[in-house]
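Here are some exercises to work through with the structure open beside you. Try each task before you read its solution.

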Amino acid sequence: MHEALTEETISRIEQSSGMLATRSLARMDEQLAWFRRLPADQRSWVTLVAQAGIASFVEWLRSPDQAVRLTGEVFSTAPRELARRVSLQQTVELVRQTIAVVEEAVPSLAGPGEEQEVADAMLRFSREIAFAAARVYAGAAETRGRWDARLEALVIDGLVRGVGPTEEGSPVSQLAALGWRAEGAVTTVVGAARSDLDPTQALDSVHRTARRAGFDVLAGVHGGRLVVVLGGIADPIEAANAVLDEFDDAPVVVGGSAPRIDGAADVTAAALSGLRAVAGWPGAPRPVAADDLLPERTIAGDLGARHELIETVYQPLVEAGDVLLDTVVSYLDGGRALETTARALFVHTNTVRYRLRRAAELCGHAPTDARGAFTIQLALVLGRLNGQPGGRPAGLSGGQPAMQ
């Protein structure tokens with residue numbers, strides 16, 4: 001505890017508080033490059049804190065027993081948002097610069113023989129300020145943690161409900177507050193939440209794992225399903241594998257890739273659709289891409305999957321011409337036998353092989369593979385029912401009028 005200073009010395013420090021605050025800000029501007037980059041409103045907050053700190057020092061000199069209360073009040077002059085923008089380490093740097101300014105002014109402010117006492121008092125007060133700053137940042141972190149958890153849950157709920165980026169309450173508009181980077185492709189991974197962890201533990205574990213892998217992450221447990229949105233990805237399946245252990249031992253579905261976060265609702269919808277339909281493919285890999293579940297999703301009633309199956313499988317085959325399409329149809333109808341197909345089309349088996357390889361290149365599914373054959377056959381049925389601009393291809397005529 002400092003020995004009593006004369007009122008004359010304390011008054012002189014008090015009268016100089018405005019000058020000391022101004023000098024402190026000038027010194028911060030000169031010494032700290034990050035401070036110079038702060039926007040004007042945040043610099044004004046720091047100014048308020050500096051002024052409050054010096055005023056609190058004067059009060060502490062008069063009533064040193066009130067140190068804890070006074071040092072805590074220093075930070076109440078600035079919005080809580082300041083703790084988001086200026087780190088604890090940076091705050092310590094600001095305090096250090098202010099102390100240096102006051103120390104330089106001590107010889108002209110202190111009365112005869114009181115210079116060392118004022119300097120010692122300032123050092124003790126700065127220690128109290130440092131403790132107060134630590135308490136403020138700890139409290140802000142706790143509050144921010146609770147707020148971020150609630151906001152993250154709202155964002156995940158919006159994505160699950162399919163709220164688009166332009167709609168009111170769009171999850172995309174809320175991501176900046178969660179520290180999401182603006183750039184980078186995104187994907188959504190869904191599956192059963194781990195049964196050995198409560199939801200809070202599960203989400204904490206997901207965040208640690210995803211960030212260790214270098215991804216932006218949002219996660220939520222929604223109806224027993226763990227929904228994980230990953231940003232800054234290169235390949236959706238590789239990204240999903242990075243967090244695969246965070247899911248229970250059950251199917252895990254990856255919703256494809258969107259170039260930006262405003263496509264997160266679409267990839268989330270695809271992933272959830274795939275999770276509902278994955279039981280139809282017992283041999284599905286883990287994780288499995290939602291696009292690889294288009295047949296099951298279509299049968300389960302996903303109209304988006306139906307349209308995608310027609311556009312990505314049926315239409316490329318139709319646009320390739322009657323010869324290729326008739327070869328695929330004949331091969332599938334003939335029990336996937338090359339010789340039978342060659343005889344039916346009056347061509348060599350090597351010609352059939354070539355055409356089937358070409359079909360696989362065009363639609364992404366090989367007719368010679370059981371899974372590919374199933375996907376193509378379903379796409380052919382859907383395409384025939386849906387009809388196509390420009391008429392029906394040869395070999396697929398007849399039947400009922402196209403569905404609208």
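**Exercise 1. Work out how helix 13 and helix 17 are placed relative to each other, and which residues make the contact.**

Solution. Keep in mind that this is a predicted model.

- Step 1: find the two helices. Helix 13 covers residues 303-319 and helix 17 covers residues 370-386.
- Step 2: look at the axes. They come within 8 Å and cross at roughly 95 degrees.
- Step 3: classify the angle. Angles from 65 to 115 degrees count as roughly perpendicular, and helix 13 and helix 17 are therefore roughly perpendicular to each other.
- Step 4: pick out the contact residues. Helix 13 brings R306, L309, I310, V313, Y314 and L317. From helix 17 come T375, I376, L378, A379, L380, L382, G383, R384, L385 and N386.
- Step 5: sort them by character. The contact of helix 13 with helix 17 has 11 nonpolar residues, three polar and two charged.

**Exercise 2. Decide how far to trust the model, and find stretches where pLDDT is below 50.**

Solution.

- Step 1: start with the whole chain. Its mean pLDDT is 79, and 75% of the residues reach 70 or more.
- Step 2: go to residues 67-72. Here the pLDDT is below 50, and the stretch has 15 contacts in the model beyond near neighbours in sequence.
- Step 3: go on to residues 141-147. pLDDT stays under 50 here too, and the model has three contacts for this stretch beyond four places in sequence.
- Step 4: draw the lesson. Where pLDDT is low, the predicted coordinates should not be read in detail.

**Exercise 3. Describe the overall make-up of the protein chain.**

Solution.

- Step 1: count the elements. The chain has 17 helices and five strands.
- Step 2: check burial. Of its 404 residues, 45% count as buried.
- Step 3: check the reach of the contacts. Taking contacts between residues at least 6 apart in sequence, 68% join residues at least 24 apart.

**Exercise 4. Lay out the sheet: what is the strand order, and how do the strands pair?**

Solution.

- Step 1: write down the order. The five strands form an open sheet in the order 2-3-1-4-5, with mixed pairing.
- Step 2: spot the edges. Strand 2 (216-222) and strand 5 (288-289) are the edge strands, each pairing on one side only.
- Step 3: begin with strand 2 and strand 3. They pair in the antiparallel sense over seven bridges, and V217 has L230 in strand 3 as its bridge partner.
- Step 4: inspect the link between these two. Strand 2 and strand 3 form a hairpin with two residues between them, and G223 in the turn has a positive phi of about 60 degrees.
- Step 5: move on to strand 1 and strand 3. These run antiparallel and are joined by eight bridges; V186 stands opposite G231 in strand 3.
- Step 6: finish with strand 1 (residues 185-193) and strand 4 (residues 247-254). This pair is antiparallel over four bridges, and V189 stands opposite V254 in strand 4.

**Exercise 5. Find what packs on the sheet, and say how covered strand 3 is.**

Solution.

- Step 1: take helix 9 (residues 199-212). It lies across strand 2 and strand 3 (225-233), and runs at about 160 degrees to strand 2.
- Step 2: take helix 11 (residues 264-277). It packs on the sheet and touches strand 1, strand 3 and strand 4, with a direction at about 30 degrees to that of strand 1.
- Step 3: check strand 3. It is mostly covered, as seven of its nine residues are buried.

**Exercise 6. Are S273, T341 and T349 buried or exposed, and what do they touch?**

Solution. Buried means under 20% relative accessible area. The contacts below leave out residues up to four places away in sequence.

- Step 1: S273 sits in helix 11. Its relative accessible area is 5%, so S273 is buried. S273 touches R297 and D302.
- Step 2: T341 belongs to helix 15 (residues 338-345). At 0% relative accessibility, T341 counts as buried. T341 touches T327, S330, Y331 and V352.
- Step 3: T349 is in helix 16 (residues 349-363). With a relative accessible area of 19%, T349 is buried. T349 touches L338, E339 and A342.
- Step 4: look again at T349 and L338. They are 11 residues apart in sequence, and 6.0 Å apart in space from C-alpha to C-alpha.

Key: Residues are numbered from 1 along each chain as its sequence is written. This is a predicted model: local features need pLDDT of at least 70, side-chain atom pairs count only at pLDDT 80 or more; totals for chains, interfaces and linings use all residues. Side-chain values use heavy atoms; hydrogens and water are left out. Axes are lines fitted to C-alpha atoms, for helices over the stretch in contact, and angles run from 0 to 180 degrees between N-to-C directions. Angles under 35 degrees count as roughly parallel, over 145 as roughly antiparallel, 65 to 115 as roughly perpendicular and the rest as oblique. Contact means heavy atoms within 4.5 Å. Ala, Val, Leu, Ile, Met, Phe, Trp, Tyr, Cys and Pro count as nonpolar, Asp, Glu, Lys and Arg as charged, and the others, Gly among them, as polar. pLDDT is the predictor's confidence in each residue, from 0 to 100. Two strands pair if DSSP finds at least two bridges between them. Buried means under 20% relative accessible area, exposed over 50%, partly exposed in between (1.4 Å probe, protein chains only).
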